[in-house]
Amino acid sequence: VSAAFNIMVIGTDPKLAAEVNSALEALVDVRGVTYPVSERRQAIEAARSRAPELVVLELSTDLAGLAEFARDMEMVSPHSTLVGAFRNDLLMHDVSESAFLIEALHCGLKDFLRRPIPTNELRALISRLKRPSARPEAWGSIICFISNKGGVGKSTLSVNVACGLAKRHPDRVLLIDGSLQMGVCASMLDLEPRTTLTDVVNERDRLDSTLLRRLAVRHECGLDLLAAPANAIEAAAVDDDVMSRILTLARRTYDYVIVDTFPMFDRVIVGILDMSDRCYVVTEAGVPVLRGGVKLVQLLDRIGYPAERLKIVLSRHIKITGGLTPAEAAQRLGRPVDYVIPFDKQVLICANTGEPYILRGGRGWLQGFVRSVKPLIVDLEMMRDEALKLGSSTVALAINGRGYGLKKVGELNDSAEGEAEAR
Ligand SMILES: Nc1ncnc2c1ncn2[C@@H]1O[C@H](COP(=O)(O)OP(=O)(O)OP(=O)(O)O)[C@@H](O)[C@H]1O
Ligand SMILES: [Mg+2]
């Protein structure tokens with residue numbers, strides 16, 4: 001099965017997408033998935049997560065704003081080929097067609113399609129594109145740890161899972177400290193970051209894979225860290241837009257992108273969730289914390305986060321009389337508990353020494369915490385293997401499954417009931 005081309009069609013005329021589709025249908029050897037959007041702004045947003053191979057833009061005689069649009073498109077989706085579609089009768093008699101086309105090329109268009117789009121022109125155009133097979137299925141997985149109560153073990157899990165993966169896949173794992181105002185990842189790794197997310201913000205318009213790797217700090221186990229900003233003022237500059245850019249690039253640069261977060265439900269978190277292949281809701285079996293966990297799971301459901309990408313982690317678990325068992329916790333959550341991580345004193349000790357427990361080894365090491373985190377790491381490897389194995393036949397699914405267009409917090413109407421509590 002050949003890979004499907006992801007084609008974005010931009011314009012207010014619904015016939016344009018229909019023309020692209022019917023030309024596609026006539027091509028037996030090419031599969032394409034079209035995605036129509038009406039406005040350019042919206043197109044940029046969608047291109048960021050979908051990275052279409054081909055972008056077909058409805059052209060008018062007015063080329064104002066085209067150069068800027070082409071630049072933005074190039075920035076969010078550098079592998080996309082932008083072409084203009086126009087009707088033969090678009091051009092007035094006093095405008096020479098060649099002058100118009102040359103000007104459009106100067107604005108950054110790569111090619112043109114005449115409407116109605118002839119099948120052979122579309123085929124010729126597609127044959128000149130880079131095959132999609134080299135990309136989407138090879139994209140890395142984005143994995144986040146979230147909670148709506150503080151101190152449940154998100155950072156501990158993020159750091160240890162990231163290190164565990166990096167040891168087995170050196171160079172291929174990025175940890176992003178998205179706990180922006182209170183980042184602890186660097187300290188848990190005993191690193192003093194010379195560059196942080198703030199540098200990424202400052203370089204946002206020039207960001208590419210090389211620069212991203214350069215702005216990450218290296219840990220000896222093979223992990224790269226994008227550290228949290230140094231202070232709250234800098235942290236405020238990390239918005240959802242820059243975060244989506246980072247994630248878009250990160251998944252093209254690394255195999256695993258782990259995101260630690262702060263317990264607050266804002267646009268940045270929704271942006272992270274929107275691009276995550278896996279989201280771990282971290283909670284505890286104590287009743288007050290678990291109640292928060294229940295609300296968070298409900299909220300994720302309401303904003304449209306796919307349930308199959310969600311996993312529940314019962315963290316810092318202790319068996320005490322009167323405490324809830326994992327089964328009881330599952331009942332309250334209305335879904336199974338996927339991982340139980342025991343409370344382990346060694347974790348506290350390691351947090352102080354800046355050596356992630358998973359890297360330490362030694363006597364009794366494979367008990368408790370490390371033993372329970374390993375399956376989580378193995379599951380992530382399986383998730384990625386699965387994506388690679390299914391490969392090209394599911395490219396279209398993979399593309400459409402990323403960027404869920406989750407509802408932003410403000411878009412939920414009866415917010416009082418479902419709103420996540422900050423701690
Ligand atoms: N499995 C565990 N056993 C024992 N202690 C743990 C375990 N997991 C985390 N801790 C400890 O609990 C405290 C909170 O953990 P951590 O900082 O990872 O939580 P967090 O959810 O990231 O918190 P925040 O919401 O403030 O970012 C830390 O002192 C950490 O060392
Ligand atoms: Mg934390």
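A residue is called buried here when its relative accessible area is under 20%. That cut-off is applied below to a predicted model, beginning with one strand and moving outward to the cores and the ligand.

Strand S11 covers residues 278–283, and six of its six residues are buried, so the strand is largely enclosed by the rest of the structure. The burial holds for both of its faces. On one side are Arg-278, Tyr-280 and Val-282, and on the other are Cys-279, Val-281 and Thr-283. Arg-278 is thus listed among the buried residues along with Val-282 and Tyr-280.

S11 has pairing partners in two strands. Strand S6, residues 141–146, pairs with S11 in the parallel sense over four bridges. In this pairing, Ile-143 is placed opposite Arg-278 of S11. Strand S12, residues 310–317, also pairs with S11 in the parallel sense, over five bridges. Here Thr-283 is opposite Leu-314 of S12.

The nonpolar interior comes next. In soluble globular proteins, nonpolar side chains tend to be buried together. In this model the largest nonpolar core contains 53 residues, and Ile-176, Leu-226, Leu-273 and Leu-300 have the most contacts inside it. Helix H13, residues 287–303, is the largest contributor to this core, giving seven residues. Another core, of 42 residues, lies apart from it. Its members include Ile-143, Ala-166, Val-289 and Tyr-339. Ile-143 therefore links two parts of this description, because it belongs to a core of buried nonpolar residues and stands opposite Arg-278 in S11.

The remaining part is the site of ligand 1. Of the 18 residues around the ligand, those that come nearest are Lys-154, Ser-155, Thr-156, Arg-316 and Asp-344. Sorted by class, the shell has nine nonpolar, five polar and four charged residues.

Several polar contacts can be located in the model. One oxygen atom of ligand 1 is 2.7 Å from an N or O atom in the side chain of Lys-154. For the side chain of Ser-155, the distance from an oxygen atom of the ligand to an N or O atom is 2.8 Å. A nitrogen atom of ligand 1 is 3.0 Å from a polar backbone atom of Pro-342. On its own, ligand 1 has 620 Å² of accessible area, and the protein covers 84% of that. Two or more residues of the shell come from each of helix H6 (154–168), strand S13 (339–342) and helix H15 (345–353).

How values were computed:
Residues numbered from 1 in each chain as written. Chains lettered and ligands numbered in written order. Predicted model: local features only at pLDDT ≥ 70, side-chain atom pairs only at ≥ 80, totals over all residues. Heavy atoms only, no water. Near = heavy atom within 4 Å. Polar contact = N/O pair within 3.5 Å; in protein donor to acceptor, adjacent residues only side chain to side chain. Areas by Shrake-Rupley, 256 points an atom, 1.4 Å probe, with all protein chains shown as cover. Nonpolar A, V, L, I, M, F, W, Y, C, P; charged D, E, K, R; others polar. Core = buried A, V, L, I, M, F, W, Y, C linked by side-chain atoms within 4.5 Å. Buried < 20%, exposed > 50% of the residue type's maximum accessible area, 1.4 Å probe, protein only. Pairing = 2+ DSSP bridges.
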